[in-house]
Amino acid sequence: MSGQTLSQPKLVRSPTQSVPIKLPRDGSKPQRVITHRYQTPHVPTNNDTQTSVGDTRREQILADMALRLRRSTDRMFLWLLLGQWLFAVVLAMIITPFDYTATGRHLHFHVWIAFGFGAVINVFPTILILTRPGWWLTRHANAVSQMLWSGVLIAITGGRVETHFHIFASLGVLALYRDWKVLPTATGVVVVDHLLRGVLWPDSVYGVGNPEWWVFFEHVAWILVMDVVLIVAVIRGSSEMKRAAGREARLERINATIEATIGQRTTELKESTSRYRDLVENTAAVAFEYDVAREAIVYIAPQAARLFDCGVEQLANQRFLESMIHPDDRVSLFGELIARGAKERPWSDPLDFRIVTLAQRIVHVRVFLSVTSDQRVRAIALDVTRQRQLETDLQHAQKLESVGRLAAGVAHEINTPIQFIGDSVVFMASAITDVVDVLEKQGEVVKRALALNPDDALANAAVAAANAADLEYIVAEAPKAGERARDGVDRVSTIVRSMKVFAHPDSAEMEPVDLNHALTTTLTIARNEYRYIADLDVNLGELPPVTCFVGEVNQAILNIIVNASHAIADAHQVSGNRGKITVTTTAGDDWAEISIRDTGGGIPDHVRDRVFDPFFTTKDVGKGTGQGLSIARSIIVDRHHGSLRFETERGNGTTFFLRLPLDASARARMQQEAA
Amino acid sequence: MKRILFVDDDPTLLAGLQNVLHKDRRRWEMTFALGGAEAIDKLAASNFDCVVTDLRMPIVDGAAVLDVVRSKHPETRCVVLSGSDSESVAGAVDGILVKPCSAATLRMTLDKLLR
């Protein structure tokens, strides 16, 4: 037995520590590497070293268990040694308190042995127990001391055989250390004690002065039998402890694995939840869930607030959300929902309707629905206003194109009849002038004939015919009628020509045009819009040719003229006065501008930001589509890279300024290059 | 006296032209052909100083009439009187008039060409 470890042994508790630790020198057998019989259910990291890590951990646990066991046994021995000391002294004083000699009565030497020798054999183990509990030397010191106590008790009871049972009891108590090496130490002490005292003082061991020679061997033999039994028990107990340590190490690892797995799963779940939340709440599409049975919205994604121009907290208010639905769409939408609830139509068809936001924006919404088995409707709502606008623009462009083709066709067909109507009218007017001239001269002839012969029958008949036909009136009016007819034909010709120029159906490319001419033709076309409510004042400035899609520009001008006419009609409805539309053209270095001023009511402050919004209208239902100014803006700004702005004054009217670059195609190329 | 041939597929239009240009009967000898085929016949029969023709006509169109004029009567002046200003005219012509065209404009154009 060698003791190179002098430091205080330490309990090792860290389950993750894998560095080799110094075990208390308990003298147990060298550890064999034991391969685990079970397979680790889940190994988070480092699969290859897991077995050795597990073994190391088992050794740590085993060392901890052994150390705890030995420390507690050491503490027990502290009380046992002190108790035996007290017991021995009391026993000695009861059995043999005094010794009577010639000098008188003295304390019997057994009492001194119990007290003095007992103190001596207790001192060293007591110090070790108090200072180094669990150390290998401490328990060997306890073994020596405990076996000496057997000797002392046997001695003070006069070598009684019964007291020898103390030896067996002591060996049993020492076996509690589960270190078989303390048993040879203890046995050695007993054997030496029996041998020495059997020779020097047999009474104190065997109770007789001359024991049989074999009694020593009999005692030793019984002790050895006891040792064998105890050593077997200790080894079994140790391996049981080892197994327990293995189980604990395994449990620890399973726990760690479970905790790691739970941690990982929790992290994954959090990530997944946040990913889905991100997906649902950070896209433009608004997801929501509706409980059909409760007629309640169960969930609505917070970005709906942007759609409704409202606060997130208002989304919880279902009545509020329902009030957002456009009044014109409400009946049809609820009817559609009822039809789907009654399974007349499938839920999967998308629903289209409009909403009016808190900021009075009109938003077109398309909702995709699916219904769950527990009667919940899950839906995604998309803002499709932009697509609707593009569709409307496209429809409008297509309509414009077909109207243009139709107008060009009609104009072409009308041209020929207008040509000969015009020619015939001109001819008749001129003929009437000639005939009137002839008639006047013939009238003079009739007058002369009557002067010569008042009864000239033919002359009198001519006068009667002239009177009957009211020739005087014909002569005065017929030339005027001819003029009016010519004027009418001229006007029709102008309108037909304007229609052809305005419609301009074949404008795939921009081309340089006279904007003043385009403006004039458009004003002709639009005449019917303003002629009964306003006078037109046109001031055309010098303009260089403007390269543009002239058909579209005409459309933009027309839309603004129509808008101006409606504004005047609304404002002058009450007074009945005629309004005025002033159209002016001016040019700059690289732009041309048309300004159109009306004497309408002006644009109210709260709608100024939205007059160019698609579908926005202040007109009564059916009177406007809310597309006119939006289309004008799209044509001037998007297609021609110009600008469309307005100045307005409440009660005094509005002026729109359409500014076009002289070469929109060059502007577009420059912007593309810059981009 | 200058000789002018008017070509159109619409008899009413020709009658109108005849009426409106009646005042010019003393300085211009005017012939009216109903359609391209009749015009080509008249061109084969005699010479004209000027031809005024429509473009879009059934069977034989204005372009065919102009081709005949250019090939057989290179001295004859050509004027187009068309219903559409977007129709393209193949080859050179001396004037393009768009219906409806006033009598004054027509007379002025012919005056210039026949001076």
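This is a short talk on a model with two chains, A and B, going through each chain and then the contact between them.

Before the structure, some housekeeping. The model is predicted, so to speak of local features I need pLDDT of at least 70, and side-chain atom pairs count only at pLDDT 80 or more, while totals for chains, interfaces and linings use all residues. Residues are numbered from 1 along each chain as its sequence is written, and chains are lettered from A and ligands numbered from 1 in the order in which they are written.

Let me start with chain B. Chain B has 4 helices and 5 strands. Helices here are DSSP runs of H or I with at least four residues, strands are runs of E with at least two, and both are numbered from the N terminus. Read from that end, the elements of chain B go β-α-β-α-β-α-β-β-α.

How are the 5 strands of the open sheet in chain B ordered? The order is 2-1-3-4-5, and the pairing is parallel. Two strands pair if DSSP finds at least two bridges between them. Strand 2 (28-34) and strand 5 (95-98) of chain B are at the edges with a single partner strand each, so one side of each has no neighbour in the sheet. From one strand to the next, the twist averages 20 degrees. For angles like this one, axes are lines fitted to C-alpha atoms, for helices over the stretch in contact, and the angles run from 0 to 180 degrees between N-to-C directions.

At one end of that order, strand 4 (residues 77-82) and strand 5 of chain B pair in the parallel sense over 4 bridges. In this pair, B:Val80 stands opposite B:Ile96 in strand 5. Helix 3 (residues 62-72) of chain B lies across strand 1 (2-8), strand 3 (50-53) and strand 4, and runs at about 170 degrees to strand 3 of chain B.

How much of chain B counts as buried? Of its 115 residues, 37% do. Buried means that 20 or more other C-beta atoms lie within 10 Å of the residue's own; 12 or fewer is exposed, in between is partly exposed, and the C-beta atoms are placed from the backbone.

Now chain A. Chain A has 18 helices and 14 strands. Of its 675 residues, 29% count as buried. Among contacts in chain A with a separation of 6 or more, 66% are between residues 24 or more positions apart. Two residues are in contact if their C-beta atoms, placed from the backbone, lie within 7 Å.

Here is one hairpin from chain A. It joins strand 1 to strand 2 of chain A through 2 residues. Strand 1 (residues 98-101) and strand 2 (residues 104-107) pair in the antiparallel sense over 4 bridges, and A:Tyr100 stands opposite A:Arg105 in strand 2.

Further along is an open sheet of 5 strands in chain A, with the order 9-11-12-14-13 and mixed pairing. Its edge strands are strand 9 (534-539) and strand 13 (643-649), each of which pairs on one side only. Neighbouring strands of this sheet are turned by 15 degrees against each other on average, direction ignored. Strand 13 and strand 14 (residues 653-661) of chain A run antiparallel and are joined by 7 bridges. There, A:Ser643 stands opposite A:Arg659 in strand 14.

Two helices of chain A lie across strands of this sheet. Helix 14 (residues 515-525) lies across strand 9, strand 11 (579-587) and strand 12 (591-598), at about 165 degrees to strand 11 of chain A. Helix 17 (residues 628-639) lies across strand 13 and strand 14, at about 130 degrees to strand 13 of chain A.

Last, the contact between the chains. It takes 16 residues from chain B and 13 residues from chain A. Which element gives the most to the side of chain B that touches chain A? Helix 1 (residues 11-20) of chain B does, with 6 residues.

Helix 11 (residues 385-452) of chain A packs against helix 1 of chain B at an angle of about 30 degrees, with the axes 8 Å apart. That makes the two helices roughly parallel, as angles under 35 degrees count as roughly parallel, over 145 as roughly antiparallel, 65 to 115 as roughly perpendicular and the rest as oblique. Among the residues that meet here are A:Phe420 and A:Phe427 in helix 11 of chain A, and B:Leu13 and B:Leu17 in helix 1 of chain B.
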